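The following exercises train the reading of a protein model. Study the sequence and the structure before turning to the solutions.

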Amino acid sequence: MRDATPDHHRPPGAVAFPRVRRRGQGELEAQVLAALRTAAEPVTAGWVQQQLEGDLAYTTVMTILSRLHAKKAVSRSRTGRSYHWLAASDAAGLAALRMRRVLDTHADRDAVLASFVSALLPQDEELLRALLDSAADGSGA
């Protein structure tokens, strides 16, 4: 936990805890995905835990892996009593999943898309047009 209390406002004898940087939303998921993408084959949650910086609890890693599995960003296969995990998506794919989920949660899908497109930078708009043209031609991205 952070202690933002300046020393001159701290009661005498109070202990100051070191500041701990909290990860941003989605940062841990991205780190787990990055670790999985370095694996040559499906790996255990314990392996993922060892690859990540910091002292993350095994249960935290399992929670993140389970959330990624629900988002279809990772796949898993049962091996004995445990799962082995494999990245099914990269960071861009995970971001795309998040964007689709946000779009799916709004009743006025047209308004959300229109607002998104109207806020694009010109180079992003050009890229989006090219991607849509490519998809319409059937040539993919």
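**Exercise 1.** Is Lys-72 buried or exposed?

*Solution.* The model is predicted, so local features need pLDDT of at least 70 and side-chain atom pairs count only at pLDDT 80 or more, while totals for chains, interfaces and linings use all residues. Residues are numbered from 1 along each chain as its sequence is written, and side-chain values use heavy atoms, with hydrogens and water left out.

Step 1. Recall the cut-offs: buried means under 20% relative accessible area, exposed over 50%, and partly exposed in between (1.4 Å probe, protein chains only).
Step 2. Lys-72 has a relative accessible area of 65%, and therefore it is exposed.
Step 3. Locate the residue: Lys-72 belongs to the loop between α3 and β1. Its phi is near 65 degrees, a positive value in a residue other than glycine.

**Exercise 2.** State which secondary structure elements the protein has and in what order they run.

*Solution.*
Step 1. Helices (H or I, at least four residues) and strands (E, at least two) are DSSP runs, numbered from the N terminus.
Step 2. The protein has six helices and two strands.
Step 3. Starting at the N terminus, their order is α-α-α-β-β-α-α-α.
Step 4. For the chain as a whole, 23% of the 141 residues count as buried.

**Exercise 3.** Describe how α1 packs against α3, and then α4 against α5.

*Solution.*
Step 1. Two packed helices are described by the angle between their axes and the distance between the axes. Axes are lines fitted to C-alpha atoms, for helices over the stretch in contact, and angles run from 0 to 180 degrees between N-to-C directions.
Step 2. Between helix α1 (residues 27-38) and helix α3 (residues 58-70) the angle is about 85 degrees, and the axes are 10 Å apart. α1 is therefore roughly perpendicular to α3, given that angles under 35 degrees count as roughly parallel, over 145 as roughly antiparallel, 65 to 115 as roughly perpendicular and the rest as oblique.
Step 3. Leu-28, Glu-29, Val-32, Leu-33 and Leu-36 of α1 meet Thr-60, Ile-64, Leu-65, Arg-67 and Leu-68 of α3, where contact means heavy atoms within 4.5 Å.
Step 4. Helix α4 (residues 91-104) and helix α5 (residues 109-118) pack at about 135 degrees, with axes 9 Å apart. This angle makes α4 oblique to α5.
Step 5. Met-99, Leu-103 and Asp-104 of α4 form this contact with Arg-109, Val-112, Leu-113 and Phe-116 of α5.

**Exercise 4.** Which residues does Glu-29 contact, leaving aside its neighbours within four places in sequence?

*Solution.*
Step 1. Glu-29 lies in helix α1, and at 8% relative accessibility it counts as buried.
Step 2. Its contacts, with those neighbours left aside, are Ile-64, Arg-67, Leu-68, Lys-71, Leu-94 and Arg-98.
Step 3. The side chains of Glu-29 and Lys-71 make a polar contact (2.7 Å). A polar contact is a pair of N or O atoms within 3.5 Å; within protein, one must be able to donate a hydrogen and the other to accept it, and residues adjacent in sequence count only if both atoms are side-chain atoms.

**Exercise 5.** How many bridges join strand β1 to strand β2?

*Solution.*
Step 1. Two strands pair if DSSP finds at least two bridges between them.
Step 2. Strand β1 (residues 74-79) and strand β2 (residues 82-87) run antiparallel and are joined by six bridges.
Step 3. Val-74 has Ala-87 of β2 as its bridge partner.
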